[in-house]
Each structure stands twice: as structure tokens, then as C-alpha cells.
Amino acid sequence: MQLIFHSFNLELKHTFTIAHDSRDMQQTLIVEMKDGDFSGFGEATSNPYYGATIEKMITSLESIRSMIEADTLNSPEELWAKVNPYLKNNSFAQCALDEAAHDLFAKKKGQKLYKSWGLSIDRNPLTNFTIGIDTVEKMVSKMQELPWPIYKIKLGTDDDLRIVRELRAHTTAAFRVDANCAWSAEQTIKFSGELKNLGVEFIEQPLPADDIEGMKKVFSGSVLPVIADESCILESDVIKCYGLFHGVNIKLTKCGGLTSARRMIQEAKDLNMTTMVGCMTESSVGISAIGHLLPLLDYVDMDGSLLIKNDPATGVTFDFGKVIYASENGTGAVLK
């Protein structure tokens, strides 16, 4: 086994702004696990909000390189458990390694990853396309640039309802809104009625993650479902979201990869919560990994590769929200 690192600066097609961040470029680390003629690829992007840098990820993985390269990869889950004591404080590094291990394992079996899990893709959900915070004119322009069946609209301004009203005038697509912790409980409850009338399906993470009392009010008072994001990072957070949110949005980089995400999805289902997986503006490597979880999900936000100009990889593609799997086995991701 050989461990190889590839780092890239992903150039965004448009400045991407959310309530607590704005950027034109996204750094990413792609981890390659090479075994003979087979290579598996996994990815994690840097993220200042979570203190994740490319340097920290590489340092963490270098510290256990000998352990990884000596592993016979009996299963990705076994490798995840073996390295987790060393990577438990660096879930982004664990994610990139875990995705690579799943890709390699399925490729060596001669199967697409979802088939190796025994899943059917007959009823996959469509992915939304995200519209970052901008002037209304530019947000409308982004929608017109890429007609799509579902848009996720980033909010957290002083004029959120007007933004949604004006966007609605330009499309019949379904809407989802994500406030990224920017609202209060009172705002969320007040907004929910009009947002529902404007064709919004759900509200993602309206309150700061530590506002438990506020979320209790929202959970009982909102006429729209609320989905956890910043409140659901680790496996242990799923149960904490029960009774506060109707569903959870799981990010592979935050939880440590596909292995932990699958456990979180099952726990949420056991609690009768809706399941969603989101992305962190990854290239086709990370986005392709997400695609194999689709049969387990109610919603998905896997538009990251659509937001960048210089994708260094190939993998899943899209047809008006529908995910089209690559011909290659594993996750289908290949570096160009």
C-alpha cells in the first residue's frame, strides 16, 4: 500500500458567501491509496471555521503513514477503527482516508461502491444547487445560469424574506433555505409561515448550535421542518438533535467519512428523523463519494463540483439534479 497526497486550489465560478464566510478559492487535499494497479481517492477541503488546514491533515496522516501502508485493507471500517485513536481530533483527515479506502476496496472487488453495500439506486433523491448570499440580481443570475429543480438559498442578511420573495418570482423550482446559525428562534418561527407559502421545503440550521432552548421553541413552533447542520457534526450529536430538529444534515468531512456517516444515517432513521448529506465545496472526488450514500437519504446537497472552475478529477455528473454515476468502479472518481 502506498499513501500519496495531492493538494489543489479550487477556483470558484462565483464568490461564495454564507452567513459567516466568503471565498473565491477553496483549498483541498486529495488522498490516494495505491495498491498495485488500483488507486482509491478521498478528499477533504480546508475550513477555517473548523480549524481544518491542509497542513494539519497531512501532518496527522504522515504520523501514521507506516500503519496505513502496512494495512491489508480487510475492510474500510476496520481501517477506520484502527486509525481513529490517532485521527479522532482531525475528522477531515480521517474523512479523506476513509473515502480513499472505500474507493480502493470496492475497485479491488470490481464493484461500484453502492453495489458493494447492497444498495439500489432506483429511488435516489435529486441534489439541490446552492445559491450563495449576494445581491438579488446576482442570485437571480446564478439561477438563470443553471436551471435546476431544487435550489438551496443561503440566508442570514437583514432582508432574508425579500430575497426569497424576489427569487420566487423567477423560478418554479423547489426552495430550501439555510441560515447558517444567523437567526433567532422568534425570527425562525415568524419566517416559517411565509417561507412555506413561498415553496420552501425546510429550514436548515436557523440558530447557533448552542441555542438549545431556542431550538425547542422552533421545533414546536415552526410550520416548516428544521434540519440540523452545525448542530450535528459527530456521531454523538445525532441523539442530541432528537426533539430539536426534524432531520440531520451530515457532512463527511466533519464526521470522519463514509464509515461514520453511514452509522449516523442509520441512527437518524431509527429515531424517525429525515436524513441528508451535504458537501463542503469538494471536487468530483468528494462529491462522488457522497453519491453512493444517495439510496439511504431523503435529501442531498452535493453540488460542490458544480461550483468550481478547475475540477482536478472526474466522477459523478448531473442531469437536472439527477446524479449520473461514472463508469468506473468504486466511487468512480479519477484524477485527471
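The legends below accompany an overview and several close-up views of a predicted model.

**Figure 1. Overview of the whole chain in the predicted model.** The chain holds 13 helices and 15 strands, and its C-alpha atoms fill a box of roughly 55 × 40 × 40 Å when this is taken along the principal axes. A compact globule of 336 residues would have a radius of gyration near 20 Å, and the value of 19 Å found for the chain agrees with this. Of the 336 residues, 58% count as buried. Among the contacts that join residues at least 6 apart in sequence, 65% are between residues at least 24 apart.

**Figure 2. Close-up of the packing of helix H1 on helix H4.** Helix H1, which covers residues 54-62, packs with helix H4, which covers residues 91-109, at an angle of about 65 degrees, and the two axes are 9 Å apart. With that angle, H1 is roughly perpendicular to H4, and the crossing in which H1 passes H4 is right-handed. From the side of H1, Met57, Ser60 and Leu61 take part in the contact, and they meet Phe92, Ala93 and Leu97 of H4. Sorted by class, the residues of this contact are 5 nonpolar and 1 polar, with no charged residue among them.

**Figure 3. Close-up of leucine 29 and its surroundings in strand S2.** Leucine 29 lies in strand S2, which runs over residues 21-35. Its relative accessible area is 0%, and leucine 29 is therefore buried, the cut-off for this being under 20%. When neighbours within four places in sequence are left aside, leucine 29 is in contact with Phe5, His6, Ser7, Gly42, Glu43, Ala44, Ile54, Met57 and Ile58. One of these partners, Met57, is also among the residues through which H1 meets H4, so that this view can be read together with Figure 2. As a marker of distance across the model, the C-alpha atoms of leucine 29 and tyrosine 299 are separated by 26 Å, the two residues being 270 residues apart along the chain.

**Figure 4. Close-up of the packing of helix H6 on helix H7.** Helix H6 (residues 136-145) and helix H7 (residues 160-168) pack with their axes 10 Å apart and at an angle of about 40 degrees. The two helices are therefore oblique to each other, and H6 passes H7 in a right-handed crossing. On the side of H6 the contact is made by Val136, Met139, Val140 and Met143, while Arg162, Ile163, Glu166 and Leu167 make it on the side of H7. The residues of this contact divide into 6 nonpolar and 2 charged, with no polar residue.

**Figure 5. Close-up of tyrosine 151 in strand S5.** Tyrosine 151 is found in strand S5, which covers residues 150-154, and with a relative accessible area of 2% this residue is buried. Not counting residues up to four places away in sequence, tyrosine 151 touches Asn128, Phe129, Ile131, Met143, Leu146, Thr171, Ala173, Ala174, Phe175 and Arg176. Among these, Met143 also belongs to the contact that H6 makes with H7. Tyrosine 151 and glutamine 27 are 124 residues apart in sequence, and their C-alpha atoms lie 25 Å apart in space.

**Figure 6. Close-up of the packing of helix H8 on helix H9.** The axes of helix H8 (residues 185-197) and helix H9 (residues 212-221) come within 9 Å and cross at roughly 15 degrees. H8 and H9 are therefore roughly parallel to each other, and their crossing is right-handed. Ala185, Glu186, Thr188 and Ile189 in H8 meet Gly214, Lys217, Val218 and Gly221 in H9. By class, this contact has 3 nonpolar, 3 polar and 2 charged residues.

**Figure 7. Close-ups of two loop residues with positive phi, leucine 73 and asparagine 272.** Most residues other than glycine have a negative phi. Leucine 73, however, has a phi near 50 degrees, and this residue is found in the loop between helix H2 (65-70) and helix H3 (76-87). Asparagine 272 likewise has a positive phi, of about 60 degrees, and is found in the loop between helix H12 (258-270) and strand S10 (274-278). Leucine 73 is buried, with a relative accessible area of 7%, whereas asparagine 272 is exposed, with a relative accessible area of 73%.

Note on methods:
Residues are numbered from 1 along each chain as its sequence is written. This is a predicted model: local features need pLDDT of at least 70, side-chain atom pairs count only at pLDDT 80 or more; totals for chains, interfaces and linings use all residues. Side-chain values use heavy atoms; hydrogens and water are left out. Axes are lines fitted to C-alpha atoms, for helices over the stretch in contact, and angles run from 0 to 180 degrees between N-to-C directions. Helices (H or I, at least four residues) and strands (E, at least two) are DSSP runs, numbered from the N terminus. Angles under 35 degrees count as roughly parallel, over 145 as roughly antiparallel, 65 to 115 as roughly perpendicular and the rest as oblique. A crossing is left-handed if the near helix is turned anticlockwise from the far one by less than a right angle, and right-handed if clockwise. Contact means heavy atoms within 4.5 Å. Ala, Val, Leu, Ile, Met, Phe, Trp, Tyr, Cys and Pro count as nonpolar, Asp, Glu, Lys and Arg as charged, and the others, Gly among them, as polar. The radius of gyration is taken over C-alpha atoms; the globule rule is 2.2 Å times the number of residues to the power 0.38. Buried means under 20% relative accessible area, exposed over 50%, partly exposed in between (1.4 Å probe, protein chains only).
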